[in-house]
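Please look over the sequence and the model below before reading on. The paragraphs that follow lead from one part of the structure to the next, and they are best read with the structure in view.

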Amino acid sequence: MPAKLNIAVFASGKGSNFRAILDAIRSGRIRNAQIVLVISNNADAGALATAVEFGIPALHVSRKQFVSEDAFCEKILGELDNHHISLIVLAGYMKKVEPIIIRRYKNRMINIHPALLPAFGGKGMYGIRVHEAVIAAGSTISGATVHLVDDEYDHGTVLLQKTAPVFPNDTPEILAERILRVEHELYPETIRLIAEGTLSLDNYQAAPRT
Ligand code: GRF
């Protein structure tokens, strides 16, 4: 049996995606993976509290704590090394990951976005704004996307998507809730496929710049 995939989760907020992935691991739905580190830029992140509750090393690491970006990146890279991380899972991480970390974890870092990329993605397209834009465009279908992370927002290779309907009376908040439920299925499922080797991240080339 191959070694377990060691995952680091980066999260800034309530961490419901982190929780969904953790539940999938704890219930045995994902067998070959374990979350061994949670990093947040926000000391009050729900994700850190959840990590502590489950005995997972939880770190508040913010750029503000360091004199330089180099020192900040060194800290994060050191922690990733120490925990033998082979996959970084961004789950509501509201900071752009520094290029040196992206390069070091090329094809080893994934993100989830609450829309069907490449539509409704890019700089400034996060949180409720995504769902406002989907409704304003008159879309009848939205969904969630898991993609590799490269150095442009929401730009790396799409790995898996799952759709959900947009109904005429939806408010952005109602749509956001529906999509979040989709995310809670899609993210664990993607990680299951990666962990069991069905979805290999090895052979992706960088997508062309847009
Ligand atoms: C999700 O909607 C995700 O798509 C986006 O940030 C949100 C995080 O939610 N990147 P949570 O912290 O996992 O509850």
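**A walk through the predicted model**

Ile 110 has its place in strand S5, and it makes a convenient starting point in this model, which is a predicted one. With a relative accessibility of 0%, Ile 110 counts as buried. Its C-alpha lies 6.0 Å from that of Leu 90, although 20 residues separate Ile 110 and Leu 90 in sequence.

In soluble globular proteins, nonpolar side chains tend to be buried together. Here the largest nonpolar core has 41 residues, and of these Ile 35 and Ile 110 touch the most other members. The element that gives the most to this core is helix H6, residues 172-195, which contributes nine residues. When neighbours within four places in sequence are left aside, Ile 35 is in contact with Ile 7, Val 9, Phe 18, Ile 21, Leu 22, Ile 25 and Ile 56. Apart from this core lies another one, of 21 residues, and among them are Val 61, Leu 77, Leu 80 and Tyr 93.

Two of the contacts of Ile 35, Ile 7 and Val 9, lead to strand S1, which Leu 5, Ile 7 and Val 9 leave in one direction while Asn 6, Ala 8 and Phe 10 point the other way. How many of the six residues of strand S1 are buried? Six of the six residues in S1, which spans residues 5-10, are buried, so this strand is largely enclosed by the rest of the structure. S1 pairs with strand S2, residues 33-40, in the parallel sense, and the pairing runs over six bridges. Within S2, it is Val 38 that stands opposite Val 9.

Helix H1, residues 16-26, has as its buried residues Asn 17, Phe 18, Ala 20, Ile 21, Leu 22, Ala 24 and Ile 25. These buried residues of H1 pack against a number of elements, namely S1, S2, helix H2 (46-53), strand S4 (87-90), strand S5 (109-113) and H6. After H1 comes Gly 28, which has a positive phi near 90°.

Helix H2 holds Ala 51, a residue that is buried, with a relative accessible area of 0%. Not counting residues up to four places away in sequence, Ala 51 touches Phe 18, Val 38, Ile 56 and Ala 58. Tyr 153, by contrast, is 102 residues from Ala 51 in sequence, and the two are 26 Å apart in space, C-alpha to C-alpha.

The ligand can be considered next. Which residues surround the ligand? Its surroundings are formed by Lys 14, Gly 15, Ser 16, Asn 17, Gly 92, Ile 112, His 113, Pro 114, Leu 180 and Glu 183. An oxygen atom of the ligand lies 3.4 Å from a polar side-chain atom of Lys 14, while a polar backbone atom of Gly 15 is 2.8 Å from a ligand oxygen atom. For Asn 17, a backbone N or O atom is 2.8 Å from an oxygen atom of the ligand. On its own the ligand has 370 Å² of accessible area, and the protein covers 82% of it.

Pro 114, one of the residues that surround the ligand, is also in contact with His 131. His 131 lies in helix H5, residues 128-136, and it is buried, with a relative accessible area of 4%. Leaving aside neighbours within four places in sequence, the other contacts of His 131 are Pro 172, Leu 175, Ala 176 and Ile 179.

The loops hold some backbone details that a reader may wish to find. In the loop between S5 and H5 lies Pro 118, which is joined to Leu 117 by a cis peptide bond with an omega of about 10°. His 84, in the loop between helix H3 (69-82) and S4, has a positive phi near 50° although it is a residue other than glycine. Asp 154, in the loop between strand S6 (141-148) and strand S7 (158-165), is likewise not a glycine and has a positive phi of about 55°. Are these two residues buried or exposed? His 84 is exposed, with a relative accessible area of 59%, whereas Asp 154 is buried, with a relative accessible area of 16%.

Terms used:
Residues are numbered from 1 along each chain as its sequence is written. This is a predicted model: local features need pLDDT of at least 70, side-chain atom pairs count only at pLDDT 80 or more; totals for chains, interfaces and linings use all residues. Side-chain values use heavy atoms; hydrogens and water are left out. A nonpolar core is a set of buried Ala, Val, Leu, Ile, Met, Phe, Trp, Tyr and Cys residues joined through side-chain atoms within 4.5 Å. Buried means under 20% relative accessible area, exposed over 50%, partly exposed in between (1.4 Å probe, protein chains only). Helices (H or I, at least four residues) and strands (E, at least two) are DSSP runs, numbered from the N terminus. Contact means heavy atoms within 4.5 Å. A residue is near a molecule or strand if one of its heavy atoms lies within 4 Å of it. A polar contact is a pair of N or O atoms within 3.5 Å; within protein, one must be able to donate a hydrogen and the other to accept it, and residues adjacent in sequence count only if both atoms are side-chain atoms. Accessible areas come from the Shrake-Rupley method with a 1.4 Å probe; for residues, only the protein chains shown count as cover. Two strands pair if DSSP finds at least two bridges between them.
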